[in-house]
Amino acid sequence: MSMTKYRHIREELQALQDNINVAVSKLADSSLSAAGVAAGEELVKTLNKVKSYIQKSEDAESVNFIISKLPLLYFQIPKIN
């Protein structure tokens, strides 16, 4: 049974994808420093790994815990410079 059947998880996955898209668009900025690009790429990789885990996990408790911590990752997106 996939976690994507639960409405709140589907909604969180959409928010996660939206944030990934924002981070990727920030990486397209040619004025980013090398450190900014590296940090942004790592953040995008991390967000994609989290998304993959949420999509595949059967453990609702751990998924809910991870979802509760996502704002900490989202907070890093504006720091890509």
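## Charge

In this predicted model, the protein carries 10 positive and 9 negative charges. Average the positions of each kind, and the two mean positions lie 1 Å apart.

## Fold and outline

The protein has three helices. The count of strands is zero. Read along the sequence, the pattern is α-α-α.

How big a box do the C-alpha atoms fill? Taken along the principal axes, the box is roughly 45 × 15 × 15 Å.

## Contacts along the chain

Take the contacts between residues at least 6 apart in sequence. Of these, 71% join residues at least 24 apart. The remaining contacts in this set link residues under 24 apart.

## Surface and interior

What share of the 81 residues is buried? Buried residues make up 30% of the protein.

The protein exposes about 5100 Å². Carbon and sulfur atoms supply 57% of that exposed area.

## A look at Lys56

Find Lys56 in the structure. This residue lies in helix α2, which covers residues 34-56. The number 56 is also where the range of helix α2 ends.

Is Lys56 buried or exposed? Lys56 counts as exposed because its relative accessible area is 63%, and the cut-off for exposed is over 50%.

Now locate Leu27. Lys56 and Leu27 are 29 residues apart along the chain. In space, 27 Å separates the C-alpha atom of Lys56 from that of Leu27.

Terms used: Residues are numbered from 1 along each chain as its sequence is written. This is a predicted model: local features need pLDDT of at least 70, side-chain atom pairs count only at pLDDT 80 or more; totals for chains, interfaces and linings use all residues. Side-chain values use heavy atoms; hydrogens and water are left out. Helices (H or I, at least four residues) and strands (E, at least two) are DSSP runs, numbered from the N terminus. Buried means under 20% relative accessible area, exposed over 50%, partly exposed in between (1.4 Å probe, protein chains only). Contact means heavy atoms within 4.5 Å. Accessible areas come from the Shrake-Rupley method with a 1.4 Å probe; for residues, only the protein chains shown count as cover. Lys and Arg count as positive and Asp and Glu as negative; His and the chain ends are not counted. The place of a charge is taken as NZ of Lys, CZ of Arg, CG of Asp or CD of Glu.
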